[in-house]
Structure formats: C-alpha cells, structure tokens
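Visitor: I would like to go through the helix packing and the empty spaces of this model, with reasons for each term used.
Guide: Here it is.

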Amino acid sequence: MSFFSAFFLGLVQGVAEFLPISSSGHLAFFQTFFQMEEADLFFDVLLHLGTLIAVFFAYREDVKELIVSFFSFFKKQTPQQLRKTRPGKRMILLLIVATLPLVAILPVKDYIESLYANTFVVGFALIATGLILFFSDRYSNGRKAERDATLLDALVVGIGQAIAVMPGISRSGTSISAGLVRGFDRQFAIRFSFLLSIPAVLGANLLSLIDAIQDGINWSLMPIYLVGVLTAMVSGYAAIRLLRYITSKSNFGGFAYYCWGAGLVTILLSLFS
C-alpha cells in the first residue's frame, strides 16, 4: 500500500462516514472501478479509529458528560449530584437501547460483508439511501431531545443503524433520518447519531481487531497506516462540522440527489464494465 492510497482511503472514510452518503459504498466503488488497493483488515480498523477520534473531539463535552454519568452509577450521590447526572444517565440508556439491534446482525455478518464485492447491490443501496434522505427530510423539524425521546424512539433509530450495515446504505443518513421520523430536533438527531456511532464502531473494531491479529499485522506499514488514520480523523471532523452547519441553515435532503447519481453511475458501470 502506498502513502497516496492510505491518504485517499482515509479521506473517503472520513468524509463519507459522517456525510450521509455511505463510506462503505464509496470505498467499494473506488476499489472496484479504479483498482484502488483494498485496505487490509488492520488498516480498516485504524481508519474507523480515526473517525471515532473525530467524534470524540467534535462532541467532547457530551462524551465527558457520558463518562461522568456512567461512573456515577457506581457511587452514592447527593440529590444535587443526581440532578446533574440525570440527563447523562438518560442518554446512556437511550444509546444502549439503540445499540441492541446491531446484536441481531452478528449471525449474518459474514454474508453482509460478502456483498461489498457486488457493485449492483451497492448501487441500488445508494439509491435507497437517497430515498431515505429525501422522504425523511419532508418531516417538519421535531422538538424531541434526550429529555423527551422515548426508548421506542431510540430503538427505531437503532434499527435504522442496523439496516445501514448493508454496503451502500449510509449509517449516519439512516440513523439521522430515523430520528427525524420520530420527531427529533434536527441537531439532536445528528448528535444522537454520532454518539451512537461510538459503541457501534468500538464493538465492530474489537471483533475486527481480533481477526486482524489472527491474520497477522505488517508493522512495517505503520507509517503509511498513520497517514490514513490522520486523514480520516481530520476529514471526519470537518465532515461533522459541515453537516452540522448545513442542517442549521437548510435541509440536508440535497444529499439525496448525490446518492441517486452515485448509485446510478455505480449500476451503469457494473453493467458495462
């Protein structure tokens, strides 16, 4: 793997992971039609680590609150401390419930991963992502935040995230859209989606890291890997800021047209390549 390949894959991972356009779909597209070198399993783990760091940095105050609230479960608190940690505890509960649907995906994990090589599936999934974004954007701006969101709301968002394990379906786009359908405030829908990515990425990376260690790690490629990780981290943080800015000024349904175009191009190239 070259430094350029690591940089490019990191850029695609960082940008497409958080903008609602599917990082898995774009990586499959470039690796298939442009003969981009496929990332080995350990590098893939590191790329996701880079985007995870971007989430931690962009939502560092929320993450800090969640950590403090988590440890508060294990110690006695005064009434004042209880009031202070109650929102964080509720957010933790919502995130746990929303993460549960991913467990149901584990039995078919290998089959889903095999679909990455099928660009027809990727193309139609990108079109489906566009439809999800387009119709969810028709919903008026809701008002629910962590105080008002129910466990059912969190479960629906989690189901959306679980569906997005399909290559070409955007994780952020689907989970944000599910939140909008359930009446989430737009900024809360984005914040909840990105915070929800933390346990999802940590869990997936743990499983992948075990497999990567068993396959063997080429430590001589670490300088190249670091280029990809840093690129994914910086571009991921920029993508988070961009999406937050776009949704504060206008709807993000415009991404739907991009996904339709990308899906159509993918299908046409699959037919004629």
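Visitor: Which helices each supply at least two residues of the lining of the largest pocket?
Guide: The model is a predicted one. In it, H1, H2, H3, helix H6 (109-114), helix H9 (171-181) and H10 each supply at least two residues of that lining. H10 gives the most, with nine residues.

Visitor: How much space lies in the largest pocket, and which residues are the closest to its centre?
Guide: About 1,400 Å³ of space lies in the largest pocket. It is lined by 45 residues, of which Asp44, His48, Glu113, Tyr116 and Ala204 are the closest to the centre. By class, 23 of the lining residues are nonpolar, 14 polar and eight charged.

Visitor: What does the second largest pocket look like by volume and lining?
Guide: The second largest pocket has a volume of about 290 Å³. Of its 13 lining residues, Leu66, Ile92, Leu95, Ile198 and Pro199 are the closest to the centre. H4, H5 and H10 are the elements that give two or more residues to this lining. Twelve of the lining residues are nonpolar, one is polar and none is charged.

Visitor: Why are H1 and H2 called roughly antiparallel?
Guide: The axes of helix H1 (residues 3-18) and helix H2 (residues 23-33) cross at roughly 150°. Angles over 145 degrees count as roughly antiparallel, and H1 and H2 are therefore roughly antiparallel to each other. The two axes come within 8 Å, and H1 passes H2 in a right-handed crossing.

Visitor: What makes the contact between H1 and H2?
Guide: On H1 the contact residues are Phe8, Leu9, Val12, Gln13, Ala16 and Glu17, and on H2 they are Ser23, His26, Leu27, Phe30 and Gln31. They divide into six nonpolar, four polar and one charged.

Visitor: Why are H4 and H10 called oblique to each other?
Guide: Their axes cross at roughly 60°. Roughly parallel needs an angle under 35 degrees, and roughly perpendicular runs from 65 to 115. The crossing of H4 and H10 fits neither range, and the two helices are therefore oblique to each other. The axes of H4 and H10 come within 11 Å, and the crossing is right-handed. Asp62, Val63 and Leu66 of H4 meet Arg191, Leu195 and Ile198 of H10 in the contact. This set has four nonpolar, no polar and two charged residues.

Visitor: How many cavities of 30 Å³ or more are there?
Guide: The count comes to two. A cavity is a space where a 1.4 Å probe fits but cannot get out, whereas a pocket is open.

Visitor: What lines the largest cavity?
Guide: Asp62, Glu65, Leu66, Pro87, Gly88, Met91, Glu146, Arg191 and Leu195 line the largest cavity, which has a volume of about 50 Å³. Helix H4 (60-72), helix H5 (79-99) and helix H10 (186-215) are the elements that give two or more residues to this lining.

Visitor: How do you know that four residues of this lining are charged?
Guide: Asp, Glu, Lys and Arg count as charged. The lining includes Asp62, Glu65, Glu146 and Arg191, which therefore fall in the charged class. The full division is four nonpolar, one polar and four charged.

Visitor: Which element gives the largest share of the lining of the second largest cavity?
Guide: H3 does, with three residues. This cavity has a volume of about 30 Å³, and Glu17, Phe18, Thr51, Leu52, Val55, Ser197 and Val201 line it. Its lining has four nonpolar, two polar and one charged residue.

Definitions and conventions:
Residues are numbered from 1 along each chain as its sequence is written. This is a predicted model: local features need pLDDT of at least 70, side-chain atom pairs count only at pLDDT 80 or more; totals for chains, interfaces and linings use all residues. Side-chain values use heavy atoms; hydrogens and water are left out. Axes are lines fitted to C-alpha atoms, for helices over the stretch in contact, and angles run from 0 to 180 degrees between N-to-C directions. Helices (H or I, at least four residues) and strands (E, at least two) are DSSP runs, numbered from the N terminus. A crossing is left-handed if the near helix is turned anticlockwise from the far one by less than a right angle, and right-handed if clockwise. Contact means heavy atoms within 4.5 Å. On a 1 Å grid over the protein atoms alone, a cavity is a set of points where a 1.4 Å probe fits but cannot get out, and a pocket is an open set with protein on both sides within 12 Å along at least five of seven lines; lining residues have an atom within 4 Å of a point. Grid points are joined across faces, edges and corners, and a volume is the space filled by probe spheres set on the points.
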